Every structure is written in structure tokens, then in C-alpha cells.
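Let's take a walk through a protein model together, looking at its charged side chains and at the build of one of its chains. Have the picture open as you read.

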Amino acid sequence: MALGRMQDIGGCRAVLDSIPEVRRVERRVQRAMSQRIGRAARVSDYIEQPRHSGYRGVHLIVIYDGRDIEVQLRTQTMHQWAIAVERLSGRIRGDLKGGRGPAELLEWLEAASEAMAIEEEGQVVDQERLDRLTELHRAALPWVSGGRQ
Amino acid sequence: MTDKTIHHVLLVFDHEAGKLIEQRDFGTDSDAAVAAYGEKEREYQGLTSVEIVLVGSDSFDTVTLTHANYFDGTVAVSKYLAGI
């Protein structure tokens with residue numbers, strides 16, 4: 001693959017049971033970074049502030065062997081969303097996680113991520129939101145079932 | 001992780017066909033895994049539909065979870081994402 005098309009060269013991913021577990025591992029990584037190189041890792045907190053696409057997780061850039069390595073921390077729920085979206089991205093040759101793709105699809109995926117986050121926090125997805133999701137799913141269906149168009 | 005030994009797994013995924021066309025577990029032989037990765041990159045150079053990934057993990061089973069997008073049915077699909 002051409003270097004210019006690569007999203008990253010190296011990385012690390014952990015799929016964890018819950019958000020508190022993600023925070024615990026985040027703290028451990030930060031502690032290890034402070035001890036080893038005397039400063040904190042750069043953090044992109046997509047749980048606190050999800051990407052526009054709906055992507056959620058915590059990314060830390062750590063230094064390993066003098067190189068920047070991205071560590072991705074996700075819960076299983078966040079992982080389910082990301083895996084499904086990566087699968088779909090491959091099919092339509094888009095970058096849905098990065099917010100690039102058909103508008104109908106992006107809108108549905110973002111709404112699905114919100115609903116999944118609500119349930120992950122132990123709350124109930126209200127009927128209005130469920131109805132909106134049904135509508136958005138209907139609009140996105142040609143892309144979901146047909147893949148590339 | 002239950003095992004501190006890192007297994008190296010090479011995956012070759014064809015996005016056009018929507019399937020994994022090759023998977024190789026090199027066990028702990030990282031040199032062989034990196035060499036094979038380089039060979040595959042050369043073999044598929046210019047073919048944008050083919051993605052080659054080298055993953056290190058405690059086991060092949062873990063790879064099927066962390067990189068489930070390359071495998072079928074290894075991660076549950078949320079009811080909100082049914083059909084993908």
C-alpha cells in the first residue's frame with residue numbers, strides 16, 4: 001500500500017469491558033509514560049467528545065522505541081460500532097469513521113452510536129429517538145444492503 | 001492477556017471480494033512475519049482493494065476479536081446496526 005494511503009503504520013488496540021475499565025487503563029498508560037519519558041501521552045478523548053461520525057473511544061499517542069504509537073481503548077459496545085463501520089467502509093470504499101461517505105449512511109451511523117452510548121450508560125433510548133433511527137436506517141438501507149453504488 | 005508471548009498474524013483482505021483471502025499465524029517468529037508482510041505488500045502493490053495487516057497479539061482468537069472487521073461473525077452486531 002502506498003504510504004500516502006495509510007492511516008497509520010503501527011498501533012495498539014485494547015477492547016475492554018466498560019468505560020471505567022477504559023479510564024483505568026488510560027490512567028495506567030499515562031502513569032507509565034510519565035515514569036518512562038517524563039511527560040503525559042497526547043490524548044484524543046472520543047468518549048467525552050465523540051467524532052462527528054459517531055466514533056467513540058480513547059486514543060493515546062505513546063512513545064515506544066522512539067516512535068509515536070497510537071493506543072486505542074474501546075469498550076465492547078464502542079468496538080461493535082467501529083467494527084461494523086470499518087466493514088461497511090471497506091464495502092463502499094469510504095472512510096465512514098472519518099466522516100467521509102454518503103450523508104444518509106453517516107447520519108444513521110451517528111444516531112446508532114448515540115443510541116448505543118445511551119444504553120451503555122445504563123439509560124433507556126426514548127421512543128422519539130428510536131423512531132428517528134428507524135427513519136434514518138430506511139434512508140441508509142440502499143447503502144447498507146447494496147454496498148457500493 | 002493470559003499469555004505474555006506475542007503471536008504474529010498476517011491478514012490479507014480483499015475489499016472488492018469482501019473477504020479474507022489469506023491468514024497466516026507466524027507464532028512468535030516476528031522476523032518471518034515482517035518478511036512475509038513485505039512480500040505481500042510487494043505482491044499486491046498497486047492493488048488498492050487489497051489491504052495487508054500484520055497484527056501482534058496473545059493469540060489468534062484475540063485477533064479475531066480486535067480485528068473482527070476482517071472476519072465473519074466474531075463480534076456481536078448491535079441491534080442498531082443490523083444488516084451490516
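First, a bit of bookkeeping on charge: Lys and Arg count as positive and Asp and Glu as negative, while His and the chain ends are not counted. Keep in mind, too, that this is a predicted model.

With that in hand, start with chain B. Where do its charges sit on average? Chain B has 6 positive and 14 negative charges, and the mean positions of the two groups are 3 Å apart. As for its build, chain B has two helices and three strands, and along the sequence they come in the order β-β-α-β-α. Its C-alpha atoms fit a box of roughly 40 × 40 × 15 Å along the principal axes. Of the 84 residues in chain B, 43% are buried. If you take the contacts in chain B with a separation of 6 or more, 49% of them join residues 24 or more positions apart. The chain's accessible surface is about 4600 Å², and carbon and sulfur atoms account for 49% of that.

Now for the pairs. Side chains of opposite charge can pair when their charged atoms come close. Counting over all chains, this structure has 15 salt bridges.

One of them joins Arg23(A) and Glu26(A), whose closest N and O atoms are 2.8 Å apart. Why is this pair about one helical turn apart? Because Arg23(A) and Glu26(A) are three residues apart in helix H1 (residues 19–37) of chain A. Both of these residues are buried.

Next, look at Arg74(A) and Glu86(A), a salt bridge with its closest N and O atoms 3.6 Å apart. Arg74(A) is in strand S4 (residues 67–75) of chain A and Glu86(A) is in helix H2 (residues 76–92) of chain A, so the bridge ties together parts twelve residues apart in sequence. Arg74(A) and Glu86(A) are both buried. They also have company: a network of salt bridges links Arg13(A), Arg74(A), Glu86(A) and Lys97(A).

Finally, which salt bridge partner does Lys79(B) have? Its side chain meets that of Glu119(A), at 3.2 Å from N to O. This pair crosses between chains, going from the segment after helix H2 (60–66) of chain B, where Lys79(B) sits, to helix H3 (residues 103–120) of chain A, which holds Glu119(A). Are the partners buried or exposed? Lys79(B) has 59% relative accessibility, so it counts as exposed. Glu119(A) has 34%, so it counts as partly exposed.

Terms used:
Residues numbered from 1 in each chain as written. Chains lettered and ligands numbered in written order. Predicted model: local features only at pLDDT ≥ 70, side-chain atom pairs only at ≥ 80, totals over all residues. Heavy atoms only, no water. Salt bridge = Lys/Arg side-chain N within 4 Å of Asp/Glu carboxyl O. Helix = DSSP H or I, 4+ residues; strand = E, 2+ residues; numbered from the N terminus. Buried < 20%, exposed > 50% of the residue type's maximum accessible area, 1.4 Å probe, protein only. Contact = heavy atoms within 4.5 Å. Areas by Shrake-Rupley, 256 points an atom, 1.4 Å probe, with all protein chains shown as cover. Charge placed at Lys NZ, Arg CZ, Asp CG, Glu CD.
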